[in-house]
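Open your viewer and get ready to click around. We'll go from stop to stop, and at each one I'll tell you what to select and what you'll find there.

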Amino acid sequence: MEKIVLAGGCFWCTEAVFDGVPGVISAVSGFSGGHIKNPAYREVCQGRTGHAECIELTYNPEELALEKILALFFKTHDPTTLNRQGHDVGTHYRSAIFYTSEDQKSKVDSFINVLLQEKVYKDPIVTEVTPFQSFYPAEIEHQEYYKNNPYQPYCQFVIKPKLEKKKECLTKG
């Protein structure tokens with residue numbers, strides 16, 4: 001099993017995108033990339049900790065290639081907006097990848113270079129690519145948020161369209 005930490009804006013969205021993907025063992029909502037230990041959601045949202053909302057993704061690389069994870073990640077959020085995703089604004093909503101090995105870093109860098117060469121986005125990619133330091137799980141009410149609240153307006157208007165992009169990405173093979 002391998003782990004990688006992905007920040008694509010709201011962790012509810014990112015967790016929902018990776019939930020149920022074949023080869024994913026777990027997707028846990030939490031925080032990474034900040035400067036204090038065990039931050040609370042309220043502190044992170046106030047921008048006082050430097051953390052990003054993210055998921056710690058545990059996956060089986062024999063079933064799910066990192067490149068497929070990256071394709072799904074980049075398809076379901078906007079990597080060109082600094083410190084925001086849609087109406088969610090703040091450094092905790094930044095696009096970031098916290099890699100856990102040099103092999104991961106190399107694959108992430110190569111993947112981003114292909115996106116740039118193919119001009120997939122009209123604006124520059126601002127996704128941080130940073131070595132993993134620590135991960136702190138979010139409070140229990142933030143885990144499996146979409147599964148537990150599918151009819152909540154945020155889930156319907158923000159997460160559900162990302163799940164449609166997920167379906168499209170997974171059916172392309």
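How much space lies in the largest pocket? About 310 Å³. Keep in mind as you look around that this is a predicted model.

**Stop 1: the pocket**

To find that pocket, select Thr 76, Gln 85, Gly 86, Val 158 and Lys 162, which are the closest to its centre among the 20 residues that line it. Now colour two helices, α3 (66-75) and α6 (153-171): these are the elements that give two or more residues to the lining of the largest pocket. The largest share comes from α6, with five residues. If you colour the pocket lining by class, you should get eight nonpolar, seven polar and five charged residues.

**Stop 2: helix α3**

Stay with α3 for a moment. Is this helix mainly enclosed or open? Seven of its 10 residues are buried, so α3 is largely enclosed by the rest of the structure. Select the buried ones: Leu 66, Lys 68, Ile 69, Leu 70, Leu 72, Phe 73 and Phe 74. Yes, there's a lysine in that list, Lys 68. Next, show what these buried residues pack against: β1 (2-8), α1, β3, β6 (95-99), α4 (102-117) and α6.

**Stop 3: helix α1**

One of those partners, α1, is our next selection. Pick residues 11-18, the span of this helix. How many of the eight residues of α1 are buried? Eight of the eight, so to speak a full house. They are Phe 11, Trp 12, Cys 13, Thr 14, Glu 15, Ala 16, Val 17 and Phe 18. Step past the end of α1 and you'll come to Gly 20, whose phi is positive, near 85°.

**Stop 4: a cavity lined by α1**

Beyond the pocket, there is one cavity of 30 Å³ or more to look for. The largest cavity has a volume of about 40 Å³. To see its walls, select Gly 8, Cys 13, Thr 14, Val 17, Phe 73, Thr 76 and His 77. You've already met Thr 76, close to the centre of the pocket. Which element gives the most to this lining? That's α1, with three residues. By class, the cavity lining has three nonpolar and four polar residues, with no charged ones.

**Stop 5: aromatic rings**

Now show the side chains of the aromatic residues: the structure holds six aromatic pairs. Zoom in on Trp 12 and Tyr 145. Their ring centres are 3.6 Å apart and the planes are at 5°, so this pair is stacked. Trp 12 lies in α1 and Tyr 145 in helix α5 (residues 145-148), so the pair ties together parts that are 133 residues apart in sequence. Both Trp 12 and Tyr 145 are buried.

Keep Trp 12 selected and add Tyr 154. Here the ring centres are 5.6 Å apart and the planes are at 80°, so Trp 12 and Tyr 154 make an edge-to-face pair. This pair also links distant parts of the chain: Trp 12 is in α1 and Tyr 154 is in α6, 142 residues apart. As for Trp 12 itself, its relative accessible area is 13%, and that counts as buried.

Before you leave the rings, select Phe 11, Phe 31 and Tyr 41 together, since these three form one aromatic cluster.

**Stop 6: the cysteines**

How many disulfides does a search of the whole structure find? Zero. Select Cys 13 and Cys 10 to see why for one case: the sulfur of Cys 13 has its closest cysteine sulfur in Cys 10, 4.3 Å away, which is too far for a bond. Then try Cys 45. Its closest cysteine sulfur is also in Cys 10, at 8.8 Å, again too far for a bond. Is Cys 13 buried or exposed? It's buried, with a relative accessible area of 3%. Cys 45, on the other hand, is partly exposed, at 27%.

**Stop 7: Glu 56**

For the last stop, select Glu 56 in strand β3 (residues 52-59). This residue is buried, with a relative accessible area of 15%. Show its surroundings and look for Lys 3, Ile 4, Val 5, Ser 26, Ala 27, Val 28 and Phe 135: Glu 56 touches each of these, leaving aside residues up to four places away in sequence.

Technical notes: Residues are numbered from 1 along each chain as its sequence is written. This is a predicted model: local features need pLDDT of at least 70, side-chain atom pairs count only at pLDDT 80 or more; totals for chains, interfaces and linings use all residues. Side-chain values use heavy atoms; hydrogens and water are left out. Helices (H or I, at least four residues) and strands (E, at least two) are DSSP runs, numbered from the N terminus. Buried means under 20% relative accessible area, exposed over 50%, partly exposed in between (1.4 Å probe, protein chains only). Contact means heavy atoms within 4.5 Å. On a 1 Å grid over the protein atoms alone, a cavity is a set of points where a 1.4 Å probe fits but cannot get out, and a pocket is an open set with protein on both sides within 12 Å along at least five of seven lines; lining residues have an atom within 4 Å of a point. Grid points are joined across faces, edges and corners, and a volume is the space filled by probe spheres set on the points. Ala, Val, Leu, Ile, Met, Phe, Trp, Tyr, Cys and Pro count as nonpolar, Asp, Glu, Lys and Arg as charged, and the others, Gly among them, as polar. Rings of Phe, Tyr and Trp (its six-membered ring) pair if their centres lie within 6.5 Å; planes under 30 degrees apart count as stacked, over 60 as edge-to-face and the rest as tilted. A disulfide is a pair of cysteine sulfur atoms within 2.5 Å.
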